[in-house]
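Biologist: I am new to this structure. Please pick one strand and look at it closely. What lies beside it, and what can be followed outward from there?

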Amino acid sequence: MRGRATRQGLGSARRLALALLGAWVLIATVMLWPSPVIQLRSCLVRERVVWAPHVVLAAHAYGTVAAYLRIDAHGRLAAVAPATRAEAEVHAREQALPFEPHDGSTISPGVVDARVQLASPGRDWEGYAHGTRAAVAGGVTTVVDGPFGSDPPATGKHELQLHMRAAATSALSSHVGFLAGLTPSLARDALGLFALAGSGALGFYAVLSPMHDAAGARPLAVDDLRVAAETISRTGLPLLVRAELASFEQFELVRGQALYEFEADRMDPLTHLRTRPAEWQTAALQELARIAKATSALRLHLTDIARLDDDALPLLADARAASNGRLTADTAPHYLAFDALSLRWGDTHLKAEPAIGDESSRARLWELLGKGEIDMVASGHAPCSDELRADGDFVQAWAGVSGLQFIMQATWTEARLRGHSVGELARWLSAAPAALLGLTGRKGELREGADADFVVHTHTHIQTYIYTSEAHADTHTLEAYPPHAHTGTHTGKGELREGADADFVIITTIEMI
């Protein structure tokens, strides 16, 4: 009798152990399953009909028309159609849904920021929770986290999954995707590249010139990049490369000349400009154009276009023409909004690599953006600790502008001065980045079936909507800097810090897709 009871007890314990093991496997599968984007989800999405007199629609050549958006129970756009306010209200009544008009406003697709560094895991600088709160404060609904700046950097399958798990277990306020970083050894490891592609990376990112030691990035030799490009072209993913080419020896030589031969002041922002010459961008364009022409299936993207001299312009045009649309390029808001002479003495918050150029460089960037020679704008957001700002030393300081929350504000502030439309803004900030990263159909456009991620704005204010159980937004000032002054001040508008306005959308539930 006692033996039978013992066997029954053992059987129950075994079943309990198997049940616990099954639960653990299920949780592990959800946490580790490759996912290109960690997508926000909610159990309860409030269905509704939203209307505005100006809605940016790709179907209307990115013009603005009066239209309504019907959001379904899954947080997607069930219908998008031109309509007057009265027609939209009738449609809402027919569907028995709440009607939400935004009179006098414009609705644009949520911004897709293709290059940010949220410094997680391994750093306490920012992280996914804080960084995505800053994102929605500025109209960004999807961020793509770069591989460098964290510890460890996402340069292998295991490290990439660490980043994904860190995001999946954070209180996110926006959708998050990921880039994998190239190292000299990984560039020649075909199996490693395919493993990263299968682990959910949206693309690969490489640098060809030295970065700050804390970034954890090792620049690639051109031969290594050429080998990697051949393999990456077979994955179907884009290869993003910072358009600046220089060896460590060149970097040390130029910096030494600036500091000792010309006795440049370390606190002078022009010192940094002298240590990152425009010729380095031209050299990068020459090599990247050759790689694009030699690798027929490669989707190559040039990042951080900042200063193009007269020799670089035909290189960029020829490479784009030869690539049949496979070569794209971006710039950043700080290159479009500032010039080197407007930067303040010792204000290393605006130290960038490549360096911010002069006024003629800025004007040239706007010309190329208007012509479509530069396709998109990405923030290049790269925060760091106060110590890495080096007390205003432009030689030793971390190079990276913390501008995720300003991407839409800064770009629109300058774009409207130059006669650009809000439709062009949507192409640069939403549609083009989504296409680069393979997210078209879900992100970047207001179309039926897409996620209901959009921005409601006027000329002076912005509201960000990501539809969840609490689909709401707080008003946020649209202009990122003092109106067109360009004094170089790093303003606190939209900055998420203690004592600042609580301008963000809070989303509490996520799901791996």
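A strand and its surroundings

Modeller: Start with Val 144, whose bridge partner in β9 is Gly 177. Keep in mind that the model is predicted: local features need pLDDT of at least 70, side-chain atom pairs count only at pLDDT 80 or more, and totals for chains, interfaces and linings use all residues. Numbering starts from 1 along each chain as its sequence is written, and side-chain values use heavy atoms, without hydrogens or water.

The strand to look at is β8, residues 140-145. (Strands are DSSP runs of E, at least two residues; helices are runs of H or I, at least four; both are numbered from the N terminus.) How many residues of β8 are buried? The count is 6 of the 6, so the rest of the structure largely encloses this strand. (Buried means under 20% relative accessible area with a 1.4 Å probe, protein chains only.)

Now look at the neighbours. β8 and β9 run parallel, and 4 bridges join them. (Strands pair if DSSP finds at least two bridges between them.) β7 and β8 also run parallel, again with 4 bridges. So β8 has bridges to β7 and to β9. One residue to find is Asp 113, which stands opposite Val 143 of β8.

Next, trace the path between strands. β7, α3 and β8 form a β-α-β unit, and the unit is right-handed. (With the strands pointing away from the viewer, the path over the helix runs clockwise.)

α3 also touches on a contact with β9. Two descriptors matter for such a contact: the distance of the ring centres and the angle of the planes. The whole structure holds 5 aromatic pairs. (Centres of Phe, Tyr or six-membered Trp rings lie within 6.5 Å; planes under 30 degrees apart are stacked, over 60 edge-to-face, the rest tilted.) One of them joins Trp 125 and Trp 398: the centres are 5.3 Å apart and the planes meet at 75°, so the pair is edge-to-face. Trp 125 sits in the loop between β7 (111-116) and α3 (127-137). Trp 398 sits in the loop between β14 (376-377) and α14 (407-417). These two are 273 residues apart, so the pair links distant parts of the chain. Trp 125 counts as buried at 19% relative accessibility. Trp 398 is buried too, at 1%.

A second pair is Tyr 128 with Phe 178. Their ring centres lie 6.3 Å apart with planes at 75°, so this is an edge-to-face pair. Tyr 128 belongs to helix α3. Phe 178 belongs to strand β9, residues 175-181. The two are 50 residues apart, and the pair links distant parts of the chain. Tyr 128 and Phe 178 are both buried.

Finally, go back to β7. Which elements give two or more residues to the lining of the largest cavity? They are β7 and α12 (333-337). (A cavity is a set of points, on a 1 Å grid over the protein atoms alone, where a 1.4 Å probe fits but cannot get out; lining residues have an atom within 4 Å of a point.) The lining counts 25 residues. Nearest the centre are Arg 115, Gln 117, Tyr 205, Gly 380 and Ala 382.

To retrace the route: begin at buried β8, step across to β9, and return through β7 to the cavity lining.

How values were computed. Buried means under 20% relative accessible area, exposed over 50%, partly exposed in between (1.4 Å probe, protein chains only). On a 1 Å grid over the protein atoms alone, a cavity is a set of points where a 1.4 Å probe fits but cannot get out, and a pocket is an open set with protein on both sides within 12 Å along at least five of seven lines; lining residues have an atom within 4 Å of a point.
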